[in-house]
Amino acid sequence: ISAGFLMALYTVMTGASAASVRALIMFLAFLLSRLSKRSYDSLSAMALAASLILLKSPGYLFDSGFQLSFSAAYGASILSPVLRKKLPFPFDKKDQPGAAMTAKRRRAEAVTGKERLKKLARAQWESAVSWLAIQLCTLPLIAYYFYEIPVWSLPLNLLLVPWARYILFLGAAGGAAGLVLPAAGKLILLPVNGILFLYDTLLRAARQLPAGTWICGKPELWQAAAFYICLAAGMCLFQKKPLPVKKAGKAYGGSAGADRRRRHSPLCVRNKALLGTGAFLLAGLVLLFWRSPDGFSLTMLNVGQGDCIVVREGSRVFLSDGGSTNVSEVGKYRILPYLKSQRIRRIETVLLSHDDADHINGIEELLVMIAERETA
């Protein structure tokens, strides 16, 4: 009860966004299942959360935060267990062929330096598989709303996310201790400050890496739907179970059926399922990121009191003016998003009619963002 109360307070303090309310409702459903000694089903909890949120505010159905939150939750709680089951930690296969090592056997292992390293590697592997599941579920939405894909997100998440639990634990302990003895709170929060400094340093360095972000443009709705259909078909094929050995032997007996039994063996069926799943995912990615050939277009952007014209001829793009006197940060929030939505990564020429603010301040913002590598 106290955990649910604290989560509710945290949700209110953070603004009660769709994502935080979704997490709160699912967490309360989990607590109620424990109190009533019933099983917890994440898919049912997600359905309950979506129903309650949409009953209060139906417009959330078209909110990007709502869609991203539920798609990520679906990937983490539904798709991730399937992938972890079918893609177990590679080194566990050597100890227990055909399946991941059981929890009982893990606890029975001797605690040595090698086993600790193996445990850390297993945790990183499971994190990578979970990240893959979440990324597959949110990829069309990220492309649709943000027009770009973060290329270095996987290694950064694997490196930084495991430390989040220590930040939360030490942060809560330091905050509580600081209420009684400020010096003790500062001492406890010292490691948190070091970890956050490491986060900031690594993220700043990642921004300087080449090809850190891939500008993919805005896909059509049918392309996003086609990707999800291919993903669902691939996951259905991925879960295909091989024919039991005894049943396969009876169905294809004799020497003439040896080849057929081999084709229906678990290893062969698994390899076929992996190839089929890969083919479906590849087809989904091709459909999602396919763009029609660029022709001639002339677009006048709505920048408020000002001018901005984008002229496109094939792969060449020309920008005529770009500024506003009544829209703040027009380059960041009007001009740059349009260029990314059209998969424009390079501008051949910028033409400025004169140097009034409503013609040039957006261009100045773009130049500053390019110099600080904030555009891609």
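User: Is Asn-361 buried or exposed in this structure?

Analyst: Happy to walk you through that one! A residue is called buried when its relative accessible area is under 20%. This is a predicted model, and here Asn-361 has a relative accessible area of 19%, so Asn-361 is buried.

User: Where is Asn-361 found, and which residues does Asn-361 touch, leaving out those up to four places away in sequence?

Analyst: Asn-361 is part of helix α16. Leaving out residues up to four places away in sequence, its contacts are Gly-322, Gly-323, Ser-324 and Val-330.

User: Now for pockets. How much space lies in the largest pocket, and which lining residues are closest to its centre?

Analyst: The largest pocket holds about 510 Å³ of space. It is lined by 18 residues, and Arg-345, Arg-346, Ile-347, Ile-370 and Thr-375 are the closest to its centre. Two or more lining residues come from each of β2 (213–215), α15 (330–341) and α16 (357–371).

User: Which element gives the largest share of that lining, and what classes of residue does the lining have?

Analyst: Helix α16 gives the largest share, with four residues. Sorted by class, the lining has 12 nonpolar, two polar and four charged residues.

User: And how should I read the chain as a whole?

Analyst: Start with the elements: the protein chain has 16 helices and six strands. Of its 376 residues, 31% are buried. Next, look at contacts between residues at least 6 apart in sequence: 66% of them join residues at least 24 apart. Last comes the accessible surface, about 23400 Å², with 66% of this area belonging to carbon and sulfur atoms.

Conventions: Residues numbered from 1 in each chain as written. Predicted model: local features only at pLDDT ≥ 70, side-chain atom pairs only at ≥ 80, totals over all residues. Heavy atoms only, no water. 1 Å grid on protein atoms, 1.4 Å probe; cavity = no way out; pocket = protein on both sides within 12 Å on 5 of 7 lines; lining within 4 Å. Points joined across faces, edges and corners; volume = space filled by probe spheres on them. Nonpolar A, V, L, I, M, F, W, Y, C, P; charged D, E, K, R; others polar. Buried < 20%, exposed > 50% of the residue type's maximum accessible area, 1.4 Å probe, protein only. Contact = heavy atoms within 4.5 Å. Areas by Shrake-Rupley, 256 points an atom, 1.4 Å probe, with all protein chains shown as cover.
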